[in-house]
Amino acid sequence: MKILIVEDEPQMLDNMRQSLVREHYTVEAVSSFKDANDKIGLYEYDCILLDIGLPDGNGLELLQNLKKQGKEDGVIIVSAKDSLDDRLTGLDLGADDYLPKPFHMAELHARVKAVVRRRNFEGNKLVEAGNVTIDPESRNVLIEGEEVILNRKEYDILMYLITNKTRLVTKAALAEHVWGDHIDQADSFDFIYSQIKNLRKKLEKATIQVEAVYGVGYKLEIDS
Amino acid sequence: MKLLNYTSKYLALVLLLLITSWAVLFYYAMLDEIYDSLDDGLENQKLLMVERAAEDPTILSQDDPEFKKHVYNFTPISRKTYLNFKESYRDTSMFMLNEKDFEPVRIYESAVAYGDDHYKLKIITSMVEEDDLVQDLAVYLIGLYIILISSILLLNNLLLKKIWKPFYNLIAQLRDFKIEKNTTIAIPDTTIEEFNLLNTTVDKLIKKSTGSYVAQKQFIENASHELQTPLAISINKLELFLENNTLNEKQSKDLATVLDNLGKLTRMNKSLLLLSKIENQQFEEEALVDFAALTKRIISDFEDLAHHKQMEIKFISEGTFKLNMNEDLAIILLTNLIKNALIHGKKKEEILITLQKNSWQISNYGITNELDKTTLFSRFKKTGNLKKSTGLGLAIAKAVADKYSLELGYNFKDFHTFNIALPLNS
């Protein structure tokens, strides 16, 4: 899997690269419009993380160039502006997703995986973790071939944890992903616990476990 | 009271005082002049009498104290009396034949000598009727007063109104001026120096405040934008640190606390940006929003939070409330109010949402006294010490309500109620 990061802020770029490399992606990174344009012209990527506000040009223009060349690279726009206009223009121009800064690393992985999955899993669309198999299309969850019925939130939590498996996912990241942006001003994220509890019950027969990490967040452990 | 009538009121009062005191002065001055001229006439008559007596001494034997035959009277007096006699004028009344009534008269008493004979001479003349004079004077003065006041009112209303027109024009515009709506003020042309000064000053002031308002708005927006990247870097660095290192419980919790606070900063920043965006009219796309359907959707989003706080959100829909507005803003409006009720509501109590025709309201039990209505919707106004509250939720709700001219109200009666309603006149 090849990923290109286009980001002019070096520390931001470094964070993203570190985190994505750990997931065994091949990561390339550029920090200017010109370099990005060159890379896009020469290579193909599974996913491009594109910052709009580049010092020497607008990221949306890169997106246009890409589409003009008929390339099908997945594109996630990463922007500090979180402007509705940019989001709409970006999606209109063919971007796959729009991720406003600041974001949680777990969220970045989820978005990248979703884009990569949509583009690459032509034949095998199933997601597997331990003895659990998930079909993202139909949202069916099977443990050892036996279907388990999860509600929307339980399913979203499970998918998010699988996407970020073996990584600590903070409660805030999980709450914002599953319950949406609007939940964010709640005075505590402890309310997610009841859904986690239900999910754990339903995963009793599975070889994966949702582990709490010191009340900070959760982690998916896969029995080996 | 209007400016025009205000000056008229004082003018009327001052005029009344002026005219009254002037009338008193005028009356006495006139009376004095009349007496003076009467007395001159009487003295003249005396001289005529003396001359006549020299020609016709018979008149000296006229002794007619009642003035029945003549308008004069000679009374013989002693020499001693003559020497001590002092001329005098005095007023009395006498029956007038033509008026058939007692009328005031003036009597002049003097002493004259003819050889060794001494006489007291009394001459009488008709006097001005003071009561008639006062009455006439009063009638004419009241007339004058009325004419003056009505001409002043007329002048005020015709002339002054014309003169003050630029002023009224300006204040009418100022009344409708809203700095956040970016309205401009057309400064009316005038030849009057004071108005020109006022106009230029107002113009300067408005340009200056609009300038600072825009600058402030841009500052908030730019500051919020500029904060996003460092926030993102810090959050991600800490998340990577949590991932990459095996930390003990205390270390993890400390890091989580830092992350939580950065999260709070992020939310505050996002809220400030949102406020700027609402004020900058960046949510123009509109659709017909059904408040009932939207409420149900948001309640289901908040189910877990409510459950965690052992609260129940009850929704009663008794009518329809649909409005053309931006859907995101509608979500933000209702979400913020529901979230507010959940955060500040008392545990184990119910939250009641009622929807009626063109109104929506939410009630919750909370602190047992009323919140300060004047500052409730201000930015960073926090009640209690909830550490995760940004103090911007209600300010945002208010900004959305204002944008669509919705009334957003609050009242307290055992429980706190927030109410959204279409204004009655629309």
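**Exercise 1. A residue at the chain boundary**

Find the residues that B:Thr229 is in contact with, leaving aside its neighbours within four places in sequence, and then decide whether B:Thr229 is buried or exposed.

*Solution.* Begin with the contacts: once the neighbours within four places in sequence are set aside, B:Thr229 touches A:Glu9, A:Met12, A:Ala80 and A:Lys101. Please keep in mind as you work that this is a predicted model. Next, place the residue: B:Thr229 belongs to helix α5 of chain B, which covers residues 193–244. Finally, turn to accessibility. B:Thr229 has a relative accessibility of 14%, so it counts as buried, the cut-off being under 20%.

**Exercise 2. From a contact partner to a cis bond**

One of the partners of B:Thr229 is A:Lys101. Work out which geometry the peptide bond from A:Lys101 to A:Pro102 has, and where A:Pro102 sits.

*Solution.* Look at omega: for the bond from A:Lys101 to A:Pro102 it is near -10°, and the bond is cis. Now locate the proline. A:Pro102 is in the loop that links β7 (97–100) to α5 (105–120) in chain A. As background, most peptide bonds are trans.

**Exercise 3. Positive phi in chain A**

Examine A:Glu144 and A:Tyr214: what is phi in each, and which loops hold them?

*Solution.* Take A:Glu144 to start with. Its phi is near 50°, a positive value in a residue that is not glycine. The loop here runs between β10 (140–143) and β11 (146–148) of chain A. With a relative accessibility of 63%, A:Glu144 is exposed.

Then move to A:Tyr214, where phi is about 50°, again positive although the residue is not a glycine. Its loop lies between β13 (208–213) and β14 (217–222) of chain A. A:Tyr214 has 33% relative accessibility and therefore counts as partly exposed. For context, most residues other than glycine have a negative phi.

**Exercise 4. Chain A as a whole**

How many helices and strands does chain A have, and what percentage of its residues count as buried?

*Solution.* Count the elements: eight helices and 14 strands. Chain A has 224 residues, and 54% of them count as buried. For the contacts, consider pairs at least 6 apart in sequence within chain A; 56% of these join residues at least 24 apart. To finish, the exposed area of chain A is about 9700 Å², with 46% supplied by carbon and sulfur atoms.

**Exercise 5. Two patches and one helix**

Which residues form the negative surface patch of chain B, and which make the nonpolar one?

*Solution.* Start with the charges. B:Glu99, B:Asp101, B:Glu130, B:Asp131, B:Asp132 and B:Asp136 form the negative patch. Helix α3 of chain B (residues 130–163) gives the largest share, four residues. B:Asp131 lies in this helix, and at 54% relative accessibility it is exposed.

The nonpolar patch, about 490 Å², is made by B:Leu154, B:Leu155, B:Leu158, B:Leu159 and B:Ile163. B:Ile163 is also found in helix α3 of chain B; it is partly exposed, at 32% relative accessibility.

**Exercise 6. Distant in sequence**

Describe the surroundings of B:Glu327: which residues is it in contact with, leaving aside its neighbours within four places in sequence?

*Solution.* First, B:Glu327 is placed in helix α8 of chain B (residues 327–344). Beyond its neighbours within four places, its contacts are B:Val289 and B:Arg297. B:Ala287 is 40 residues away in sequence, yet its C-alpha is 6.6 Å from that of B:Glu327. B:Glu327 has a relative accessible area of 40%, so it is partly exposed.

Terms used:
Residues numbered from 1 in each chain as written. Chains lettered and ligands numbered in written order. Predicted model: local features only at pLDDT ≥ 70, side-chain atom pairs only at ≥ 80, totals over all residues. Heavy atoms only, no water. Patch = residues over 30% accessible without salt bridge, like charges linked within 9 Å, V, L, I, M, F, W, Y side chains within 5 Å. Areas by Shrake-Rupley, 256 points an atom, 1.4 Å probe, with all protein chains shown as cover. Salt bridge = Lys/Arg side-chain N within 4 Å of Asp/Glu carboxyl O. Lys, Arg positive; Asp, Glu negative; His and termini not counted. Charge placed at Lys NZ, Arg CZ, Asp CG, Glu CD. Helix = DSSP H or I, 4+ residues; strand = E, 2+ residues; numbered from the N terminus. Buried < 20%, exposed > 50% of the residue type's maximum accessible area, 1.4 Å probe, protein only. Contact = heavy atoms within 4.5 Å.
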